[in-house]
Amino acid sequence: MAEVLRSFDEEIRHASGVYRPRVVGRLAADGMWEGWFEFVPTDGRKVVVSSVESRQPERSHLEYWAQGLTPVYAEGALER
């Protein structure tokens with residue numbers, strides 16, 4: 001089951017709308033932990049989900065990765 005590892009306080013403005021990003025992770029079938037972004041629109045539209053941005057061998061490593069992300073990185077993930 002996926003869980004939110006981090007929520008950003010900053011909103012991201014994009015041509016498609018304004019979003020509140022959060023980093024979500026889960027244990028994959030192969031035993032690795034994978035993480036991605038979910039961009040929650042401020043106007044109630046459908047959540048935009050990125051592809052997997054990181055795979056880590058331990059949950060604590062994925063949490064560490066998520067805590068180091070910046071709003072600029074999140075903007076890039078939304079563009080991808």
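This passage walks through strand β4, its neighbours, an aromatic cluster and helix α2 in a predicted model.

Residues are numbered from 1 along each chain as its sequence is written. Because the model is predicted, local features need pLDDT of at least 70 and side-chain atom pairs count only at pLDDT 80 or more, while totals for chains, interfaces and linings use all residues; side-chain values use heavy atoms, with hydrogens and water left out.

A good place to start is strand β4, which spans residues 33–41. Helices (H or I, at least four residues) and strands (E, at least two) are DSSP runs, numbered from the N terminus. Eight of the nine residues of β4 are buried, so the strand is mostly covered; here buried means under 20% relative accessible area, exposed means over 50%, and partly exposed lies in between (1.4 Å probe, protein chains only).

Three strands pair with β4, two strands counting as paired if DSSP finds at least two bridges between them. With β3 (residues 17–27), the pairing is antiparallel over nine bridges, and proline 21 has phenylalanine 39 as its bridge partner in β4. The hairpin of β3 and β4 has five residues between the strands, and glycine 31 takes a positive phi near 90 degrees there. Strand β6 (residues 54–56) also runs antiparallel to β4, joined by three bridges; serine 54 in β6 is the bridge partner of glycine 35. Strand β5 (residues 48–49) pairs with β4 in the antiparallel sense over two bridges, with valine 49 of β5 opposite glutamate 38. In the hairpin of β4 and β5, six residues lie between the strands, and glycine 44 takes a positive phi near 85 degrees.

Within β4, glutamate 34 deserves a closer look. Its relative accessibility is 9%, which is why glutamate 34 counts as buried. The side chain of glutamate 34 makes polar contacts with two arginine side chains: arginine 26 at 2.8 Å and arginine 55 at 3.2 Å. A polar contact is a pair of N or O atoms within 3.5 Å; within protein, one must be able to donate a hydrogen and the other to accept it, and residues adjacent in sequence count only if both atoms are side-chain atoms. Leaving aside residues up to four places away in sequence, glutamate 34 also touches others, including Val24, Val52 and Leu62, where contact means heavy atoms within 4.5 Å.

The aromatic residues come next. The structure holds four aromatic pairs. One of them joins phenylalanine 8 and phenylalanine 37, with 6.2 Å centre to centre and 35 degrees between the planes, a tilted arrangement. Rings of Phe, Tyr and Trp (its six-membered ring) pair if their centres lie within 6.5 Å; planes under 30 degrees apart count as stacked, over 60 as edge-to-face and the rest as tilted. This pair links distant parts of the chain, 29 residues apart: phenylalanine 8 is in the loop between β1 (3–7) and β2 (12–14), and phenylalanine 37 is in β4. Phenylalanine 8 counts as buried because its relative accessibility is 4%, and phenylalanine 37 because its value is 0%. Both belong to one aromatic cluster with Tyr19, Phe39 and Tyr73.

Finally, helix α2 (residues 71–79) has Ala74, Ala77 and Leu78 buried. Seen down the axis of α2, these buried residues fall within an arc of 100 degrees (taken from the directions from the helix axis to the C-beta atoms), so they line one face of the helix. Cover for the buried residues of α2 includes β2, β3, β4 and β5.
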